[in-house]
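Here are a few exercises to work through with the model open beside you. Try each task before you read its solution.

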Amino acid sequence: WFAVFLIWTLLYAMAQAQRRAVRFGNEKLQLQVNVKDAELRALQAQINPHFFFNSLNTIRALVYQDPDAAASAIGKLAGMMRHSLQAGQSETVRLADEMRAVEAYLSMEKLRFEDRMQVDIECEAGIEDTALPPMMLQTLVENAVKHGVERSQVLCQIKISANTSPSGDSTVLRVANQGQL
């Protein structure tokens with residue numbers, strides 16, 4: 001009986017150790033996900049205020065030059081801020097909603113950069129309901145403006161495309177500019 005008891009105790013201890021190892025592994029993965037989520041939220045918080053204050057300065061200048069354009073810009077900015085707040089409350093957003101927010105953002109930046117920025121957007125039909133992390137596309141476009149248009153004294157083109165991958169199992173988003181690394 002002693003040998004049976006010893007073998008049973010060893011097997012039980014090994015099973016418990018395996019269970020603990022799996023639990024610790026899962027906890028480690030959850031912590032990594034939480035860290036990445038916090039990094040994403042911090043990045044969003046850094047980018048949005050910079051754009052917001054630039055937009056307010058642009059609108060302030062428009063108030064005296066073109067009141068109708070200023071009113072339109074305020075509406076677009078309000079829509080973008082609404083999207084940003086709503087997107088922060090959910091884990092994913094629809095591609096179509098993100099594209100609308102990006103188009104509003106780019107129209108605000110177009111007021112700021114005037115003839116220095118040209119935008120080309122191509123979105124394949126049928127992928128509008130694709131789910132993506134909130135503000136993901138917005139962040140890429142903001143980087144394209146920051147590192148392309150802001151640094152350029154000549155016309156800079158920003159190309160945005162959303163297509164189904166060749167294998168058909170995913171959606172490919174591309175944001176490109178003529179900026180220098």
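**Exercise 1: A residue in a loop**

Glutamate 114 lies in the loop between α3 and β2. Keep in mind that you're looking at a predicted model.

Task: Find out whether glutamate 114 is buried or exposed, and what is notable about its phi.

Solution. Start with the surface: the relative accessibility of glutamate 114 is 53%. The cut-off for exposed is over 50%, so glutamate 114 counts as exposed. Now turn to the backbone. Glutamate 114 isn't a glycine, yet its phi is positive, at about 50°.

**Exercise 2: Building the sheet**

Task: Work out the order of the strands in the open sheet, and say which strands are at the edges.

Solution. Step one is the order: the sheet has 3 strands, arranged β2-β4-β5, and the pairing is mixed. Step two is the edges: β2 (117-123) and β5 (171-176) each pair on one side only, which makes them the edge strands. Step three is the turn between neighbours, which comes to 5° on average, direction ignored.

Next, see where the mixed pairing comes from. β2 pairs with β4 (residues 156-164) in the parallel sense, over 7 bridges. β4 and β5, on the other hand, run antiparallel and are joined by 6 bridges. In general, strands of a sheet pair through backbone hydrogen bonds, either parallel or antiparallel.

Finally, pick out some partners. Across from valine 119 you'll find isoleucine 158 in β4. Lysine 159 has alanine 176 of β5 opposite it. The link from β4 to β5 is a hairpin with 6 residues between the strands, and glycine 168 in the turn has a positive phi of about 80°.

**Exercise 3: Helices on the sheet**

Task: Which strands does helix α3 touch, and at what angle does helix α4 run to β4?

Solution. Take α3 (residues 95-113) to begin with: this helix packs on the sheet and touches β2, β4 and β5. The direction of α3 makes about 170° with that of β2. Then move on to α4 (residues 136-149), which lies across β2, β4 and β5 and runs at about 155° to β4.

**Exercise 4: Around serine 161**

Task: Decide whether serine 161 is buried or exposed, and list what serine 161 touches.

Solution. First, place the residue: serine 161 is in strand β4. Second, check its relative accessibility, which is 13%. Buried means under 20%, so serine 161 counts as buried. Third, look at the contacts. Leaving out residues up to four places away in sequence, serine 161 touches Glu122, Val172, Leu173 and Arg174. Glutamate 122 is also the residue that stands opposite serine 161.

**Exercise 5: Near in sequence or in space**

Task: How many residues apart in sequence are glutamine 86 and glutamate 122, and what is their distance in space?

Solution. Begin with glutamine 86, which sits in helix α2 (residues 67-87). Glutamine 86 is exposed, at a relative accessible area of 52%. Now compare the two residues: 36 residues separate them in sequence, and their C-alpha atoms are 25 Å apart.

**Exercise 6: Cysteines and rings**

Task: How many disulfides does the whole structure have, and how many aromatic pairs?

Solution. The search for disulfides finds 0. Two cysteines to look at are cysteine 123, partly exposed at 35% relative accessible area, and cysteine 156, buried at 1%. Aromatic pairs also number 0. There is still a ring to inspect: arginine 23 lies over the face of phenylalanine 24, at 5.2 Å from the ring centre.

Note on methods: Residues numbered from 1 in each chain as written. Predicted model: local features only at pLDDT ≥ 70, side-chain atom pairs only at ≥ 80, totals over all residues. Heavy atoms only, no water. Pairing = 2+ DSSP bridges. Helix = DSSP H or I, 4+ residues; strand = E, 2+ residues; numbered from the N terminus. Axes fitted to C-alpha atoms, helices over the stretch in contact; angles between N-to-C directions. Contact = heavy atoms within 4.5 Å. Phe/Tyr/Trp six-rings, centres within 6.5 Å; stacked < 30°, edge-to-face > 60°. Lys NZ or Arg CZ within 6 Å of the ring centre and 35° of its normal. Buried < 20%, exposed > 50% of the residue type's maximum accessible area, 1.4 Å probe, protein only. Disulfide = S-S within 2.5 Å.
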